[in-house]
Amino acid sequence: MSRRYDVIVVGAGHAGVEAAHAAARVGCTVGLCTLSRETVAHMPCNPAIGGTAKGHLVREIDALGGLMGEAIDATAMQFKLLNRSRGPAVWSPRAQADKRQYGRWMRARLEAEEHIGWIIGRVGAVRLEGGRVVGVELEDGRRYGCGAVVVTTGTFLNGVIHVGDEQRSAGRVGEPASKMLGESLKELGLVWGRLKTGTPPRLDRGSIDFSQFEEEPGDVPPVPFSFLTGLVDREQTPCHIVHTNDRVHELVRENKDRSPLYNGQISGIGPRYCPSLEDKVMRFPERDRHLVFLEPEGVDVPEIYVSGCSMCLPREVQEAVIHAMPGLGDARVLRPGYAVEYDFIQPTELRPTLETRKVAGLFLAGQINGTSGYEEAGGQGLVAGVNAARRVRGDGEWVLGRDEAYLGVMVDDLTARGCLEPYRMFTSRAEHRLLLRIDNADLRLTARGREIGLIGDGRWSEFLARRERFERNVAAVRAARAPGRGGSVELAQVLRRPGVTLAGLAAEGAVEVEAGRDGRAYELSSVETVVKYEGYLRRQTATVARGERDERRRIPQGFPYGKVPGLSREVVERLSGVGPATLGQAGRVPGVTPAAVAVLGSYVRRWGGRGMPAARD
Amino acid sequence: MFAPDDTIVAVATPPGRGGLGVVRLSGPEAQTLATRLLDHREPLRARHATVSRIVDASTPAGNAIDQVVATSFPGPGSYTGDDVVEISAHGSPVLLERIVALACAGGARLAEPGEFTFRAYLNGRLDLVQAEAVADLVDAVTPLQARVAFDQLEGTVTQAIGAIDTDLFDLIARLEASLDFPNEGYHFVEPGTVAQGIGLLRDRVIGLLAGSTRGRLIREGCHVVILGKPNVGKSSVFNALIGSSRAIVTAVAGTTRDLVSDVIDLDGVAVTLVDSAGIRVTNDAVEAEGVARARQALAVASSVVVVLDRSAGLEEEDRSVLEATAGTSRVVALNKIDVASPSAWPREALDLPPETSVVEVSARTGQGLDMLRSAVRAGLVGEEVYRDTPTVGNQRHIGLLERASGALADAQRVTQDGATEEFVLADLQRARTAFEELTGARTPDDVVNHIFERFCIGK
């Protein structure tokens, strides 16, 4: 008799670890299936966490009790707050990770969770009975029973790696591909597609002349990710900036026919926001140089990641390209860059819980859904893990709104619009951006997490103290007055002037505010923002309220769009293909016009989501 | 809301008798129904005029009732986007109603007013602005109204707004890129040019709005009131302008007691010309009521024609009419120039501001009337309307353009105050929402998509 878990998570990458952890937190037993414990939370590409909008995702994962924020705070080699010159809504933390330490930290945390069991091996199929998940079967024949499965296999589904004309079937370097599982998923009738991504070469630190480069130091003091992290007192490692040059571009142009990207060998669609060196040179001939960052992969590892130089030219051409840059003349290429093509499941197959609409109990998270990035994966892992656990326990769906979190924006974008290229989070995707800041991720989400069991008592009591401090501080600032023309004015008015900061006013003694514990600067930033940008926030809140009716209007699963009079065939096809959960989401499905939403709305309302439209008399 | 899934039918030509009358069918059953109505076995050939006969199956012999030309326009390329059949019959109301009744007996539903166009909008054949233009075009009573409406249907307003929106979108995309890709080593938009760029966009919106007063006058028409003390010839001027003798003209001062009005086409502008009782102090209760109504008419008038009697002396009552109309757009008509009079006074005696048009006319001989017409028209709509400037005349459009203009003004102001991109963008997005609401289209274009066409992003 094989072992049974409530939830089985297939894959222990960034989506898998958050899914397993969240499901266990919510109270389920979890089987975490991975090929090896050595590759838990592995970073196959950029050794960094965060960045614009991605930093927001990490803060949100953390505010919901997830692991990513704590992991990077514990293992980062360099911290930087991006967009510091702009307003608080678009500040985004980013950090260089020590890859090995990051993975070990995650593994240790999961090993310490008593409800997580490890299944070492490769899943070949998801087992179904009566259209719902009952377990998984490994390629070696072992079987495990469960109530829900979260598949987080990243780029492993039919992954093919390209370096020049060399091709091998694999997930990532040194790791075999997952063919059987892919076929098993396709047999379920899920719509899938093929994408491409790439990674740059790794260089040997000892063979690089760093004196040639501009240095990129970290922030002092560092801004950490997790709300639990106080001061980070650690020596930071610099990165270095290099530029490509004419010789590099010439080499790429001369050898473009040997790049699988340009000779037809690769058909998958790559991300435009992270173009390969071949794309940069061929598509933007007017640029005579491109930025390249040299990023260490760890404190005590030799690998240097050549950020901005993702390519899949033959190894000897890659070496020539690297050697053509100043300071890299003698650099040793430890591993060449490569491109990887892989299958993904169109996320329009999913409900906002990340459960497939076709198979009850089957959840998908991470790159398998067409996204790119560790943070996007981690966020989906958390959402899928929570919902898988809730499905097993018979609890309701747990969905975050677009006005609540970047996580909500991402899941809504994926499930309503699908992916044409690898999906990456941007702040411009969040129409309520000013409300979704890194400083208030906890104020937005921690209580939501507490309701469903994600937040432990320690974090909760710390959060309550922080929230009370926030409210007291806001009240103090609102009540304070400052000397002004003909007597005094509200301090809030002074704070609203360009260039005036709350920290500045507090330092002048204009108002007394309680600082956060251990110099947590975001606390004052939350206070300052709600007062200083009150008008903008109010307007955005009003916009949210206007859309609320449609966002709340649920469309029952399996709603027969074809029977709604007045919807064009094209609109019916698109809506049926996506199965939007709400009227609001229906309006975001590409090709669905406002007129169609108006028509649909009148029918969804009339049938109150209970029955189905009957034929008109 | 109409149920948009069934087949609708209506007479498309105006009520009354005519050489031809058109019955239009639209919906999934349009073809089937038409073939059943017609003495025609095969399905109608798409977009071909087919001569056939309407057969009334309810008559014992299944008699043909008319010879018609039927044309089938299969969807989605038809006017409504559904399958459409147009049947041109002879223009007898009885006959046309019979055809409609036969279609209804076959399962069609009588269309609600505007339903064909509504379907075209639902099916994405027309945007909101164009759908509105169809109504305007049908309602047009002057050639200029028709022309402006047709231009709108052709998309000039949509295009003008679209062009502004495209540039706004480009600016938004660049500002968004500055936020999302802060480490690319170059500027997506030159700092310092943003406020100016927003200002230029706003100027274009204001440019569209500038013509809107005129646009409204053309679209909605307007009231022009003829004022003056009693017996200066107001009703004669009124009659001369409308070209008939509607108002009763006598030599007795105070003959016109109620307001008399008629619509005239003043070179394309639909003007409701109002003849009023002469304004004077009177003891006659009826006349007093007339004077009160004249004052009310003045309050809603877009323009006033003040009539003075050139052949008589300028009196206190004339001056008080001129005073009462000083703040209004007006033309002063010096009437009765055909009457030789020793008491004629020089124009300067009026002491009017230089921008007031003064025209000498004789309502009796018609002398100077053309001058008067063009002076009134110029006062209303200015110079000739050029086709290359779209005319915005719909109140809904004006309101949304004003909203966009306000949002752009905010964006410009906060940019000058040093606000960073995310705040400027919040205001710019409001302007964009107004444009989208205007055309009824939500543009699914991803901002991010746009930026990748121009910039190499990603390290």
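I count two residues as in contact when their C-beta atoms, placed from the backbone, lie within 7 Å. Note to self: this is a predicted model.

**B:Tyr79.** I started with this residue and looked up what it touches. Skipping residues up to four places away in sequence, I found B:Phe73, B:Val84, B:Phe116, B:Ala120 and B:Arg125. B:Tyr79 itself sits in the loop of chain B that joins strand E4 (64-73) to strand E5 (84-91). Is B:Tyr79 buried or partly exposed? I get 19 other C-beta atoms within 10 Å, so B:Tyr79 goes down as partly exposed, because buried takes 20 or more. I also checked B:His90: the two are 11 residues apart in sequence, and their C-alpha atoms are 23 Å apart in space.

**Domains of chain B.** Next I pulled up the assignment, which lists domain 1 (8-123), domain 2 (156-211 + 395-452) and domain 3 (220-381). Between the centres of domain 1 and domain 2 of chain B, taken over C-alpha atoms, I have 47 Å.

**Cores.** Then I went through the nonpolar cores. The largest has 285 residues, and A:Val7, A:Ala23, A:Val149, A:Val150 and B:Ala333 have the most contacts inside it. Which helix of chain B gives the most to this core? I noted helix H6 (residues 156-180), with 10 residues.

I took a further look at A:Val7. Leaving out neighbours within four places in sequence, its contacts include A:Ala23, A:Cys28, A:Val30, A:Cys146 and A:Val150, as well as A:Ala388, A:Ala389 and A:Val392. Last entry: there is a second, separate core of 11 residues, with A:Val477, A:Leu502, A:Ala506 and A:Leu524 among them.

Conventions
Residues are numbered from 1 along each chain as its sequence is written. Chains are lettered from A and ligands numbered from 1 in the order in which they are written. This is a predicted model: local features need pLDDT of at least 70, side-chain atom pairs count only at pLDDT 80 or more; totals for chains, interfaces and linings use all residues. Domain bounds come from an automatic or database domain assignment. A nonpolar core is a set of buried Ala, Val, Leu, Ile, Met, Phe, Trp, Tyr and Cys residues joined through C-beta atoms within 7 Å. A residue is buried if 20 or more other C-beta atoms lie within 10 Å of its own, exposed if 12 or fewer, and partly exposed in between; C-beta atoms are placed from the backbone. Helices (H or I, at least four residues) and strands (E, at least two) are DSSP runs, numbered from the N terminus.
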